[in-house]
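I opened the model today to look up a few strands, helices and single residues. My notes follow in the order I checked things.

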Amino acid sequence: MNDFEAGRPLVLRGGTVLPMDGRRVLPRTDVLVTGDTIAAVGPGLEAPEGATEIDATGGIVMPGMIDTHRHMWQTALRGYGADWTLTQYFVWFYLEHGKLFRPEDVHAGNTLAAIEAIDAGVTTVVDWSHGLRTPDHADAAADALRSVPGRYVLAYGNIQQPPAEWATAPEFRDFVRRRITGDGMLGFQMAFDVLGDPSFPEQPAFEVARDLGVAVTTHAGVWGATGDDGIRLMYEHGFMTPGTVYVHAASLSADSYHRIAATGGSISVSTESEQSAGQGYPPTWAVRAHGIPVSLSMDTSVWWSGDLFSAMRATLGADRSREHLEAHAKSETVTHCALRADQVVDWATRGGAAAIGRDDLGTVAPGRKADLVLIKNDASPVSFPLLNPFGHVAFQAQRGDVHTVLVNGRVVKHEHRLVGIDLAAARAEAERTVEYLKGEMGEEAWEKGMNPDIPSTKVLDNPYTYTDYRSDSTHRL
């Protein structure tokens, strides 16, 4: 597509712009991009000669969305664990079959995840990569992220080894030296959990993170796995910092939330995951009360959707459902929703940017990086009328409505089709991983893993007895 040649200015014309600097909505507004930067935002902008123009009329222009917690390496198993519990996930990946993943399987998952992210308007993803058992696995993860034109943060982890071991190994520092260049397209975090052991065995890993000057992202408040003791130990040893991201944080006490708030950390809420897997109730209702910054994430495509439209929708639903439930328990009625559509859109954009320390992302303003999404679908009856743009993004839009995506000023999707992406190669790579895993596990183990036993159910005793109305002649038509 010559219209999108590198370095050519581009203008999105006449869209409804959500700058994400509050609740402002800018109707019939242009966004001019030069190089990798937003040059101007306003009505009737004069574009440089030869600029590419994209008609955004009737659509919404917003910042690229940012997912702060996705296990990208697992994506080749899309949907495999749809009926899992968290326990079954732990057993499958941590104890049994996660060790089977080769570097090429990590590469396959990361490649597919990166492609599905930009397809859904998610321009930045934190790859919570806890399958990096060897330096070769880590290189494969980084290679995949570099091969797809999105923006990523590699959060390095290894569930098969204690963090104090892999983080202090010479090959880990060698990887950071070789692969993390600070170019703004591939950031870096360390990903590990704090289990609450009083001896605080994770301390050496925190010290490495401090020495490298990188943030830690940790699954906190996961029911039965990581709780208040882990938060307390981090606090007492001075390792709760403004850059720390606490994933889920769904089963913590008020004391832990106070510690997170006091030290400037943020919480990555994965509502679909928390609702389905059981880390605890999605914590936005509690987090709001403590003023803790929030970002959104989808966790893993082994279970859930790979887009943030679903995350926003689920988050609003979970928060409001709890608000109504608690009010009804007191014989009260909720008359005004506390969590609003514009807030979850903010969490999916500006909130994610803040969580990863990127103030040049997450808003549409001159001088910011040109990571942009145009939501527009003239073939869909759901695209109009466009009355409440924030509500439209949160409740009406979906990945099929993503018309154009820019990352760092580069068009990576246009007119609902990916640009410069070899989807056939990604498909073939994922198929090879599936074939390999099925062969290594055997057909019986593969099927059992995908279809866990269904718990038995017992019909409650009923003093009035249960009647099958269909067998009762008085109910026949």
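**Strand pairing in the open sheet**

I looked up alanine 191 and found it opposite threonine 217 in E10. This is a predicted model, and I read every entry here with that in mind. The two strands involved are E9, residues 186-191, and E10, residues 215-220. I noted 3 bridges between E9 and E10, and the pairing is parallel.

I then traced the whole sheet. It is open and has 8 strands, in the order E6-E7-E8-E9-E10-E11-E12-E13. I recorded the pairing as parallel. At the edges I found E6 (65-70) and E13 (294-296), each pairing on one side only. Neighbouring strands are turned by 25° against each other on average, direction ignored.

Next I looked for a helix on this sheet. H3, residues 135-147, packs there and touches E7 (122-129), E8 (151-156) and E9. The direction of H3 makes about 170° with that of E8.

**Helices H5 and H6**

How do H5 and H6 lie to each other? I took the angle first: H5 (residues 170-179) and H6 (residues 203-212) pack at about 25°. Their axes are 13 Å apart. An angle under 35 degrees counts as roughly parallel, so H5 and H6 are roughly parallel to each other. I logged their crossing as right-handed.

I listed the residues that meet. From H5 they are Phe172, Arg173 and Val176. From H6 they are Val208, Asp211 and Leu212. By class I have 4 nonpolar, no polar and 2 charged residues in this contact.

**Threonine 181**

I followed the chain on from H5. Threonine 181 is found in the loop between H5 and E9. Buried or exposed? Its relative accessibility is 54%, so I entered threonine 181 as exposed. I also checked a distance to alanine 348, which is 167 residues away along the chain. The C-alpha atoms of threonine 181 and alanine 348 are separated by 26 Å.

**Threonine 263**

I looked up another threonine. Threonine 263 is found in H8, residues 254-263. Its relative accessibility is 17%, so it counts as buried. The cut-off for buried is under 20%. Which residues does threonine 263 touch, not counting those up to four places away in sequence? I found Tyr235, Met240, Thr241, Pro242 and Tyr246.

**Strand E5 and its partners**

I turned to E5, residues 60-63, which is joined to E1 (residues 10-17) by 2 bridges. E1 and E5 run parallel. The bridge partner of threonine 16 in E5 is isoleucine 60.

I then checked E5 against E14, residues 372-375. E5 and E14 pair in the antiparallel sense over 4 bridges. Isoleucine 60 turned up again here, opposite isoleucine 375 in E14.

**Helices H2 and H14**

My last lookup was H2 (residues 103-119) with H14 (residues 423-441). They pack at an angle of about 140°, with axes 9 Å apart. That makes H2 oblique to H14. H2 passes H14 in a left-handed crossing.

I wrote down the contact residues by helix. H2 brings Glu104, Asp105, His107, Ala108, Thr111, Leu112 and Ile115. H14 brings Leu423, Ala426, Glu429, Ala430, Thr433 and Tyr436. By class I entered 7 nonpolar, 3 polar and 3 charged residues for the contact of H2 with H14.

Methods: Residues numbered from 1 in each chain as written. Predicted model: local features only at pLDDT ≥ 70, side-chain atom pairs only at ≥ 80, totals over all residues. Heavy atoms only, no water. Buried < 20%, exposed > 50% of the residue type's maximum accessible area, 1.4 Å probe, protein only. Contact = heavy atoms within 4.5 Å. Pairing = 2+ DSSP bridges. Axes fitted to C-alpha atoms, helices over the stretch in contact; angles between N-to-C directions. Parallel < 35°, antiparallel > 145°, perpendicular 65-115°, else oblique. Left-handed = near helix turned anticlockwise from the far one by under 90°. Nonpolar A, V, L, I, M, F, W, Y, C, P; charged D, E, K, R; others polar.
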